[in-house]
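User: Could you walk me through the reasoning behind the labels given to this model? I would like each value set against its cut-off.

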Amino acid sequence: MATVSVCIRTSPALIGRCCPPRRPDSHKGDYGRVLIVAGAEGFTGAPVLAARAALRAGAGLIFTAVPRAVYPIVAGKLDAPMALPLPDDGAGKLSLAALPALLARLESADACLLGPGLGRSAELDQLTAKLVEACRCPLILDADGINAVAAHRDILRGAACPIVLTPHEGEFRRLWPHPETSRLDGVLALARDTGAVVLRKGHETLITDGRRTYVNRTGNAGMATGGSGDALAGILLALLGQGVPPLEAAATAAFLHGRAGDLAARTRGQYGLAPGDLIEALPRLLP
């Protein structure tokens with residue numbers, strides 16, 4: 001039987017509620033200390049795009065934890081966000097030996113993003129599970145962060161922190177390999193099963209906590225390119241780090257991401273649109 005649910009359409013009003021004008025006497029510590037755990041050999045663009053998007057979406061302090069093997073590349077592409085070199089497994093991916101440093105960073109983090117360009121390995125699966133268990137701030141699982149927990153969703157049900165999942169269709173199928181009567185029914189079922197906020201990407205992005213649901217229709221086909229999801233994750237991270245509740249943060253991030261892509265497409269066109277273009281369009285949408 002289909003689930004009856006009313007979807008709220010995202011709108012500019014979300015920006016007004018979730019991104020208020022800043023106080024004249026504020027400082028960087030007022031706008032969130034956020035941690036990005038991402039990147040691997042061959043996937044150095046993901047942490048860079050996420051960090052740049054978080055910066056443009058207003059994050060105060062951004063720490064980007066990457067495997068030591070790719071640290072020089074990532075650090076060379078970032079200026080305001082700080083890059084942190086952590087132990088790798090000899091194959092360019094983070095190793096379990098990175099856990100103590102990550103746990104120490106999590107203690108002072110206001111939000112964490114785990115997964116873009118992370119790669120897959122048995123050690124990364126263990127590392128992800130331990131970080132989910134230890135985390136107390138809002139945690140975004142994106143890309144390989146999702147893949148690492150797809151086979152054992154019970155990790156998510158037992159988490160002591162708010163979790164936001166940001167799957168594209170392929171990742172969603174790994175998380176929820178069950179028949180569904182509609183995309184809406186599927187995303188509601190996953191949110192209720194895990195207790196997470198789920199942002200199901202697509203032509204119409206669905207965002208739900210299992211009770212309230214938003215649908216986002218901003219964006220265009222030019223955004224169907226590698227790196228676009230990393231930018232979305234960075235925007236969401238910045239909002240969570242600034243204290244926006246997870247469901248509202250996810251809905252606002254989806255709206256901002258798509259609207260920035262629409263602005264960028266007006267000058268770049270859809271064929272030539274790159275993730276960096278929409279990131280640079282973000283300030284035009286924010287106070």
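**Labels and the values behind them**

User: What makes Arg22 count as lying over the face of Tyr31?
Analyst: Arg22 is 3.5 Å from the ring centre of Tyr31. The limit for a charge over a ring is 6 Å, with the charge also within 35 degrees of the ring normal. Arg22 is listed as lying over the face of Tyr31, so the pair meets that rule. Please keep in mind that this is a predicted model.

User: At what distance from the ring centre of Phe172 does Arg200 lie?
Analyst: Arg200 sits over the face of Phe172, with 3.7 Å to the ring centre. That too falls within the 6 Å limit.

User: How many aromatic pairs does a search of the whole structure find?
Analyst: The search returns zero aromatic pairs. To pair, two ring centres have to lie within 6.5 Å.

User: Good to know. Why is Cys135 in no disulfide, given the nearest cysteine sulfur?
Analyst: The nearest cysteine sulfur belongs to Cys137 and is 3.6 Å away. A disulfide needs two sulfur atoms within 2.5 Å, so this pair does not qualify. Cys135 has a relative accessible area of 0%, and since buried means under 20%, it takes that label.

User: And how do you know that Cys18 is in no disulfide?
Analyst: For Cys18, the nearest cysteine sulfur is that of Cys19, at 6.1 Å, which is beyond the 2.5 Å cut-off. Cys18 is buried as well, with 13% relative accessibility. The structure as a whole holds zero disulfides.

User: On to charges: what makes Asp193 and Arg153 a salt bridge?
Analyst: Their closest N and O atoms are 2.9 Å apart, and the cut-off is 4 Å, so the pair counts. It links distant parts of the chain, with Asp193 in helix 9 and Arg153 in the loop between helix 6 and helix 7, 40 residues apart. Arg153 is buried, because its 16% is under the 20% limit. Asp193, at 23%, is partly exposed.

User: Is Arg268 buried or exposed?
Analyst: Arg268 is exposed, because its relative accessibility of 54% is over the 50% limit. Its salt-bridge partner is Asp277, with the closest N and O atoms 3.4 Å apart. Asp277 has a relative accessible area of 18% and is buried.

User: Which residues do salt bridges with shared partners join into one network?
Analyst: The network is made up of Glu169, Arg173, Glu180, Arg183 and Arg200. Within it, Glu180 and Arg173 have closest N and O atoms 2.8 Å apart. Glu180 at 22% and Arg173 at 39% are each partly exposed. Overall, the count comes to 15 salt bridges.

User: Last topic, the interior. Which residues touch the most other members of the largest nonpolar core?
Analyst: Those are Ile36, Ile207, Ile235 and Leu236, in a core of 59 residues. Helix 11, residues 246-268, gives the most to this core, with 12 residues.

User: What does Ile235 touch, not counting residues up to four places away in sequence?
Analyst: Beyond those sequence neighbours, Ile235 touches Ala53, Ala54, Ala57, Ala253, Leu256, His257 and Leu282. These count as contacts because heavy atoms come within 4.5 Å.

User: And which residues does the second, separate core include?
Analyst: That core has 44 residues, among them Val37, Leu114, Val132 and Ala150.

Definitions and conventions
Residues numbered from 1 in each chain as written. Predicted model: local features only at pLDDT ≥ 70, side-chain atom pairs only at ≥ 80, totals over all residues. Heavy atoms only, no water. Core = buried A, V, L, I, M, F, W, Y, C linked by side-chain atoms within 4.5 Å. Buried < 20%, exposed > 50% of the residue type's maximum accessible area, 1.4 Å probe, protein only. Helix = DSSP H or I, 4+ residues; strand = E, 2+ residues; numbered from the N terminus. Phe/Tyr/Trp six-rings, centres within 6.5 Å; stacked < 30°, edge-to-face > 60°. Salt bridge = Lys/Arg side-chain N within 4 Å of Asp/Glu carboxyl O.
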